[in-house]
Amino acid sequence: MGRLSEMAVRAHHAPAAGTTYVSAHSFYMPTEHKPVLAAELVDLLAPKPGEVAVDCTFGGGGHARRLAEAIGPAGTLVCIDRDQAAEPRFEEFAAEAPCSTRFLGADFAAGLRMIGGEGIQPDMVYMDLGMSSMQIDAWERGFSYSYEAPLDMRMDTRQKLSAAEIVNEWPEARLAQALRRFGEERYAGGIAREIARRRPLATTSELVDAIKAGMPASARFGGGHPAKRTFQGIRIAVNGELDSLEDALPTAWAMLPTGGRLAAISFHSLEDRRVKRFLAERAKGCICPPELPVCVCGREPEAELLTRRAVAPGPDEVAANPRSKSAHLRAAVKVAENAEAVA
């Protein structure tokens with residue numbers, strides 16, 4: 001497989017009137033990337049020389065570097081990322097990678113379909129979900145409640161929908177539903193009501209103030225930053241993250257040959273539940289009613305779970321990288337093709 005670099009179209013996010021911010025593409029790497037559960041991921045995927053691997057969320061390339069070393073000169077690593085800021089990092093990685101490399105500037109579900117359309121069967125596919133530290137710390141992109149920034153939160157700055165549109169234009173009921181569904185925010189109704197009352201909002205600090213005002217005073221203390229869940233809910237809604245995951249999991253699985261491995265690292269329960277459910281369904285065998293003496297459904301497992309329980313970072317990793325604390329890694333190996341679709 002030859003190396004392909006699909007150059008992303010450069011887009012400049014215009015700040016709110018009267019406010020000056022740095023473009024998301026002119027200032028982006030404020031922190032060193034620390035891949036989470038990297039050793040555990042490589043151990044579960046067990047890459048061999050000459051194999052083909054797909055990194056669905058290249059990010060800073062931390063996991064990619066470890067996989068590239070394992071598959072070696074005869075191997076191929078396909079890296080996918082819709083964040084345009086990831087491509088320059090990939091170019092640096094590819095210049096030194098000990099294997100063939102390829103980059104697709106796309107959402108990982110779309111990137112997987114592109115690869116599948118070429119008839120490629122990767123030996124392993126892995127996903128590092130959520131945001132990278134570099135995205136969080138690139139203050140001008142508006143992902144963090146810790147920095148003053150425009151309301152953006154787009155992972156792909158070419159798309160139209162941004163946090164500003166959701167915060168300022170979505171009906172109050174729809175906004176509350178998004179905060180409740182994607183942020184699991186207990187006080188979604190009050191927060192959405194306060195946001196709607198204060199419109200228009202232009203910056204992350206204005207959003208944080210509205211969030212705090214929309215919840216009881218007692219809820220603003222303890223349990224982390226009061227804006228954490230709302231920011232998560234808006235970010236997921238902006239980027240369609242859960243829909244993309246629901247699309248990517250079966251797409252990736254269908255591409256794998258028997259013996260192929262699928263792994264995912266998630267950072268909140270909404271992602272982890274979907275990965276857990278997907279892999280468990282494929283590891284399920286007979287579904288006949290228990291009162292039947294013999295199996296009549298004929299269903300055989302098509303997956304063997306490599307993680308009965310999610311793998312979490314150890315205390316040393318959490319101490320070195322506190323943001324890894326919520327990570328959960330799950331993986332499975334494909335043991336058979338199942339002609340019957342699994343829900």
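Leu37 sits in the segment before helix H1. This residue is not a glycine, yet its phi is positive, at about 55 degrees. Leu37 is also buried, with a relative accessible area of 0%. The model is a predicted one. The protein holds 13 helices and seven strands. Of its 343 residues, 52% are buried.

**Overall numbers**
- The accessible surface of the protein is about 15,400 Å². Carbon and sulfur atoms account for 53% of that surface.
- Take the contacts between residues at least 6 apart in sequence: 73% of them join residues at least 24 apart.
- The salt bridge count is 16.

**Helix H1 and its flanks**
- Helix H1 spans residues 38–45, and its buried residues are Ala38, Leu41, Leu44 and Leu45.
- Viewed down the axis of H1, these buried residues fall within an arc of 135 degrees, so they line one face of the helix.
- The partners of the buried H1 residues are helix H2 (62–71) and three strands: S4 (124–128), S5 (261–266) and S7 (328–334).
- Ala46 comes just after H1, in the loop that leads from H1 to strand S1 (52–55).
- Ala46 has a positive phi of about 45 degrees, although it is not a glycine.
- Ala46 is partly exposed, at 35% relative accessibility.

**Backbone exceptions**
- Most residues other than glycine have a negative phi, and most peptide bonds are trans.
- Leu37 departs from negative phi, with a value of about 55 degrees. Ala46 does too, with about 45 degrees.
- The peptide bond from Arg199 to Pro200 is cis, and its omega is near 0 degrees.
- Pro200 lies in the loop between helix H8 (188–198) and helix H9 (204–213).

**Helix H11 and the Arg113–Asp247 pair**
- Arg113 and Asp247 form a salt bridge through their side chains, with an N to O distance of 2.5 Å.
- This pair links distant parts of the chain. Arg113 belongs to helix H4 (residues 108–117), Asp247 to helix H11, and 134 residues separate them.
- Arg113 is partly exposed at 44% relative accessibility. Asp247 is partly exposed as well, with a relative accessible area of 29%.
- Thr251 is also part of helix H11, which covers residues 241–255.
- Thr251 has 17% relative accessibility, so it counts as buried under the 20% cut-off.
- A polar atom of the Thr251 side chain lies 2.7 Å from the backbone oxygen of Asp247.
- Beyond its neighbours within four places in sequence, Thr251 contacts Leu112 and Arg113.
- Asp247 thus appears twice here: its side chain meets that of Arg113, and its backbone oxygen lies by the Thr251 side chain.

**Further salt bridges**
- Arg274 pairs with Glu246, with the closest N and O atoms 3.0 Å apart.
- Arg274 is in helix H12 and Glu246 in helix H11, so this salt bridge ties together parts that are 28 residues apart in sequence.
- Arg274 is buried, with a relative accessible area of 15%. Glu246 is partly exposed at 37% relative accessibility.
- Arg154 and Asp152 form another salt bridge, at 2.7 Å between the closest N and O atoms. Both residues are buried.
- Glu194, Arg197 and Arg198 are joined in a network of salt bridges.

**Gly183**
- Gly183 belongs to helix H7 (residues 172–183).
- Gly183 is buried, with a relative accessible area of 0%.
- Setting aside residues up to four places away in sequence, Gly183 touches Ala178, Arg229, Gln232 and Gly233.
- The C-alpha atoms of Gly183 and His268 are 9.6 Å apart. In sequence, these two residues are 85 apart.

**Nonpolar surface patch**
- Leu292, Val294 and Val296 make a nonpolar surface patch of about 280 Å².
- Val296 lies in the loop between helix H12 (269–282) and strand S6 (303–305).
- Val296 has a relative accessible area of 65%, so it counts as exposed, the cut-off being over 50%.

Technical notes:
Residues are numbered from 1 along each chain as its sequence is written. This is a predicted model: local features need pLDDT of at least 70, side-chain atom pairs count only at pLDDT 80 or more; totals for chains, interfaces and linings use all residues. Side-chain values use heavy atoms; hydrogens and water are left out. Buried means under 20% relative accessible area, exposed over 50%, partly exposed in between (1.4 Å probe, protein chains only). Helices (H or I, at least four residues) and strands (E, at least two) are DSSP runs, numbered from the N terminus. The arc is that of the directions from the helix axis to the C-beta atoms. Contact means heavy atoms within 4.5 Å. Patches are made of residues with over 30% relative accessible area and no salt bridge: like charges are joined within 9 Å, nonpolar side chains (Val, Leu, Ile, Met, Phe, Trp, Tyr) within 5 Å. Accessible areas come from the Shrake-Rupley method with a 1.4 Å probe; for residues, only the protein chains shown count as cover. A salt bridge is a side-chain nitrogen of Lys or Arg within 4 Å of a carboxyl oxygen of Asp or Glu. A polar contact is a pair of N or O atoms within 3.5 Å; within protein, one must be able to donate a hydrogen and the other to accept it, and residues adjacent in sequence count only if both atoms are side-chain atoms.
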